[in-house]
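Visitor: I am in my first year and still learning to read models like this one. Could you take me slowly through a single part of it, and then through what lies around that part?

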Amino acid sequence: MEQMPFGNEPDRELGSLIRDANQGPDPDRFLARLNGTLGTLPARASQWDVLATWARPSVVAAAAAAAFLLGVALWQSWQRGATDPALVAPSVSVAILDAAATPPGETQILYAVLEGR
Amino acid sequence: MTESGWAEAARTGDADAYGRLVMAYAVVARRVAYSFLRNWDEAEDVIQDASLAGWQAIERFDPARSFRPWFLRIVANAALDQLRRRRVRDAEPLHESLPSRGRLPDADAGRVVLREKIDAAMAELPERQRVAVMMFDGEGYSHAEVASVLQVPEGTVRSYVFHARRALRKALATLVEEPA
């Protein structure tokens, strides 16, 4: 232990004393126990398994969000359909009947029916 | 088969190869864990935990590198976690009392007293200094390896070793001054 404290080489004498003081009780029992643990290692989770564990909830959340957006889009489309004047305007055939100044005759009704087809 | 061969096999899921690697460094790993914890039972539990954690992480290990510092880093992290749990659990820090000194044959007595003195002095060191001096002087690791395990710069490891050696020498000097 005559070396400099900042020496780059291990202090062998001190090292020997440290090892001697750190032998620990019954290394064979410890190694046997560890060997037992290593003999029954659990199946290892692969990186894909780890990704899958957090990806699954994400996929469910994305599907729920997509379903919600689709529902909103359909509802808005239905609402627009109900109020759109272009869609609720009378058909050509009805317009023919409305345009008549006098009560429609047989010919006009026939035209109206034929226009409606 | 070489260590890198075992490591490559372990990476691909060979539990037996992984077990061989861990068993090769188990004794030194136990000493490293003990250096942190100063409790052999806890140190052994930490090695069990670290070996399982290493198995789950072995896929990320580079077989071109040495297994020993990689595994010891896992052990050191597990030991630090255990220390944190202990500090939360216990208000008072744990200091192991020295074993009682019975009457021993003269030949053994000096060695036992020396061992107890070193052990007590090691217990008084800050844990990172204790681990650094144990790994550097006791196990022959390089400063770089110790730095890799403790995840500190090499200069810090040199400082740890310096302070630890000085404290241990001081403790041993009192033994010389006060013969049993």
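Guide: What follows is a close look at one helix of chain B, and then at some of its surroundings. Please keep in mind from the start that this is a predicted model.

The part to look at is helix α3 of chain B, which covers residues 26–37 and therefore has 12 residues by the count along the chain. From its first C-alpha to its last, α3(B) reaches 16 Å, which is close to the 16 Å expected at 1.5 Å a residue.

How much of this helix is covered? α3(B) is mostly covered, for 11 of its 12 residues are buried. The buried residues of α3(B) include nonpolar ones such as Val28(B), Val32(B), Phe36(B) and Leu37(B), and Arg30(B) and Arg31(B), which are charged, are buried as well. What covers the buried residues comes partly from the other chain, since it includes α2 (27–39) of chain A, and within chain B it includes α2 (15–24), α4 (40–57), α5 (67–89) and α7 (127–138).

Just after the helix, the chain reaches Arg38(B), which follows α3(B) and lies in the loop between α3 and α4 of chain B. Its phi is near 60 degrees, a positive value in a residue other than glycine. Arg38(B) is partly exposed, because it has 18 other C-beta atoms within 10 Å, while a buried residue needs 20 or more. Another loop residue of chain B may be set beside it: Gln151(B), in the loop between α8 (143–150) and α9 (154–177), has a phi near 55 degrees, again a positive value in a residue other than glycine. With 11 C-beta neighbours inside 10 Å, however, Gln151(B) counts as exposed.

One of the elements that cover α3(B) is α2 of chain B, and this helix has a packing partner of its own. Helix α1 (residues 3–11) of chain B packs with α2(B) at an angle of about 135 degrees, with the two axes 7 Å apart, and that angle makes α1(B) oblique to α2(B). The crossing of these two helices is left-handed. On the side of α1(B), the residues that meet the other helix are Glu3(B), Trp6(B), Ala7(B), Ala9(B) and Ala10(B), and on the side of α2(B) they are Ala17(B), Tyr18(B), Arg20(B) and Leu21(B). The residues of this contact divide into 7 nonpolar, no polar and 2 charged.

Leu21(B), which has its place in helix α2 of chain B, deserves a pause. With 23 C-beta neighbours inside 10 Å, Leu21(B) counts as buried. Leaving aside residues up to four places away in sequence, Leu21(B) touches Glu3(B), Trp6(B), Ala7(B), Ala10(B) and Phe67(B). The C-alpha atoms of Leu21(B) and Arg68(B) are separated by 8.4 Å, although the two residues are 47 apart along the chain.

Finally, α2 of chain A, which helps to cover α3(B), leads us to the meeting of the two chains. In total, 27 residues of chain A are in contact with 35 residues of chain B. On the side of chain A that touches chain B, α1 (12–21) and α2 each supply at least two residues, and the largest share, 8 residues, comes from α2(A). By class, that side of chain A has 16 nonpolar, 7 polar and 4 charged residues. Chain A itself has 6 helices and 0 strands, and of its 117 residues, 6% count as buried.

Key: Residues are numbered from 1 along each chain as its sequence is written. Chains are lettered from A and ligands numbered from 1 in the order in which they are written. This is a predicted model: local features need pLDDT of at least 70, side-chain atom pairs count only at pLDDT 80 or more; totals for chains, interfaces and linings use all residues. Helices (H or I, at least four residues) and strands (E, at least two) are DSSP runs, numbered from the N terminus. The expected span of a helix is 1.5 Å times one less than its number of residues. Two residues are in contact if their C-beta atoms, placed from the backbone, lie within 7 Å. Axes are lines fitted to C-alpha atoms, for helices over the stretch in contact, and angles run from 0 to 180 degrees between N-to-C directions. Angles under 35 degrees count as roughly parallel, over 145 as roughly antiparallel, 65 to 115 as roughly perpendicular and the rest as oblique. A crossing is left-handed if the near helix is turned anticlockwise from the far one by less than a right angle, and right-handed if clockwise.
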